[in-house]
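Student: Hey, I've just opened this one up and don't know where to look. Can you walk me through it?

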Amino acid sequence: MGRNQTLEWAMRLRVALYIAEALDYCSSEGRPLYHDLNAYRVLFDESGDPRLSCFGLMKNSRDGRVTQESVVFSYGTVLLDLLSGKHIPPGHALDMIRGKNILLLMDSHLEGNFSTEEATVVFDLASRCLQYEPRERPNTKDLVSTLGPLQSKPDVASHVMLGIPKNEEAPPTPQHPLSAMGDACSRMDLTAIHQILVMTHYKDDEGTNELSFQEWTQQMRDMLEARKRGDLAFRDKDFKTAIDCYSQFVDVGTMVSPTVYARRSLCYLMCDQPDAALRDAMQAQCVYPDWSTAFYMQAVALSKLDMHKDAADMLNEAAILEEKKRGGRAS
């Protein structure tokens, strides 16, 4: 894949459909509506499948400013970004769509490798999403039913289309009745926790590594480089350097790794900064809500902050999650 790799047409259509399905799920399941939807909220997980960042989920669904119609309008702007590869003001795009100038709007990096018929359907959908009158915009079900039939290459995995190598370096899962992580955390044994995090590597990030489609290739390279430097420092117990490198990775923000938060959390504990450690452990939980390690790290940070009852609750919560996961594997 070249440095200026561009998203192929089939992948753009897949991104459009997956986001539409995620929005439809939010509205049909009575989940909180999504807010501040834009291209940077669209992320790729480790399999290369498009997802919506969990940071856009509204905590309070009673927030009157966000309606399904306004989310659909924002979705229209994301469609424009996907088709054109750049940010075009909606009004300007609408004029061009009305004037049948859609080929001028298309991303030149595609070099004509797309279906004009399909592009016309998607531009038409974008223009309906961007209507001034909210009631004239389609609902989320319409988005899914319009984009579903356009999908091609259903058998090609997303990571293959994106040219992302699949992370295969997961070590085998140890089959112990009592988890070593649980034991180390209950004993507040930071050295043992460090060993476990080094051993586990990134196997728990499966499906949570997220990468924005805006200028993703170069940013990904730089971030993974920073993470690799952090991993080396972490392994060698140079915790201050590890914090610096992991912070470079985290601050770019196009890729989210719960393991990096857990590792940086331990680094902060080693450097006697339990507040920062707790923040990172909570962040890991936000990215990966059922991850026992995120709860264990919170338990250790809470103990360091002398919040022993909360720490005990967290340990208990983590053990329950581990038990569930073991049960799921056994069945």
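**Starting from the core**

Tutor: Sure. The largest nonpolar core has 95 residues, and those with the most contacts inside it are Tyr75, Leu147 and Ile193. The largest share of this core, 10 residues, comes from helix H1, residues 9-28. Keep in mind that this is a predicted model.

Student: OK, Leu147 then. Which residues is Leu147 in contact with, leaving aside neighbours within four places in sequence?

Tutor: Those are Ala16, Leu17, Ala20, Tyr75, Val122 and Leu125.

Student: And which residues are buried in helix H6?

Tutor: H6 spans residues 140-147, and Thr140, Leu143 and Leu147 are buried there. They sit on the same side of H6 because they cover an arc of only 55° around the axis.

Student: Why would residues like that point the same way?

Tutor: An α-helix has 3.6 residues a turn, so residues three or four places apart point the same way.

Student: Got it. What covers the buried residues of H6?

Tutor: The cover includes H1, helix H2 (68-84) and helix H5 (116-129).

Student: Switching topic: where is Ala39 found?

Tutor: Look in the loop between H1 and strand S1, which is 42-44.

Student: Is Ala39 buried or exposed?

Tutor: Ala39 has a relative accessible area of 3%, and under 20% counts as buried, so Ala39 is buried. Its C-alpha atom is separated by 8.3 Å from that of Thr77, although the two residues are 38 apart along the chain.

Student: Now the helices further along. How do the axes of H11 and H12 cross?

Tutor: Helix H11 (residues 239-252) and helix H12 (residues 258-270) have axes that come within 9 Å and cross at roughly 145°. The crossing is left-handed.

Student: Which residues meet there, in H11 and in H12?

Tutor: From H11, they are Phe239, Ala242, Ile243, Tyr246, Ser247, Phe249 and Val250. In H12 their partners are Val260, Tyr261, Arg263, Arg264, Cys267, Tyr268 and Met270. That contact divides into 11 nonpolar residues, one polar and two charged.

Student: Last thing, the loops. What is the phi of Asp272?

Tutor: Asp272 has a positive phi of about 60°, although it is not a glycine. You'll find Asp272 in the loop between H12 and helix H13 (274-287). At 62% relative accessibility, Asp272 counts as exposed.

Student: And what about the phi of Asp306?

Tutor: Asp306 also has a positive phi of about 60° without being a glycine. Asp306 lies in the loop between helix H14 (292-304) and helix H15 (308-330). With 59% relative accessibility, Asp306 counts as exposed.

Note on methods. Residues are numbered from 1 along each chain as its sequence is written. This is a predicted model: local features need pLDDT of at least 70, side-chain atom pairs count only at pLDDT 80 or more; totals for chains, interfaces and linings use all residues. Side-chain values use heavy atoms; hydrogens and water are left out. A nonpolar core is a set of buried Ala, Val, Leu, Ile, Met, Phe, Trp, Tyr and Cys residues joined through side-chain atoms within 4.5 Å. Buried means under 20% relative accessible area, exposed over 50%, partly exposed in between (1.4 Å probe, protein chains only). Helices (H or I, at least four residues) and strands (E, at least two) are DSSP runs, numbered from the N terminus. Contact means heavy atoms within 4.5 Å. Axes are lines fitted to C-alpha atoms, for helices over the stretch in contact, and angles run from 0 to 180 degrees between N-to-C directions. A crossing is left-handed if the near helix is turned anticlockwise from the far one by less than a right angle, and right-handed if clockwise. Ala, Val, Leu, Ile, Met, Phe, Trp, Tyr, Cys and Pro count as nonpolar, Asp, Glu, Lys and Arg as charged, and the others, Gly among them, as polar. The arc is that of the directions from the helix axis to the C-beta atoms.
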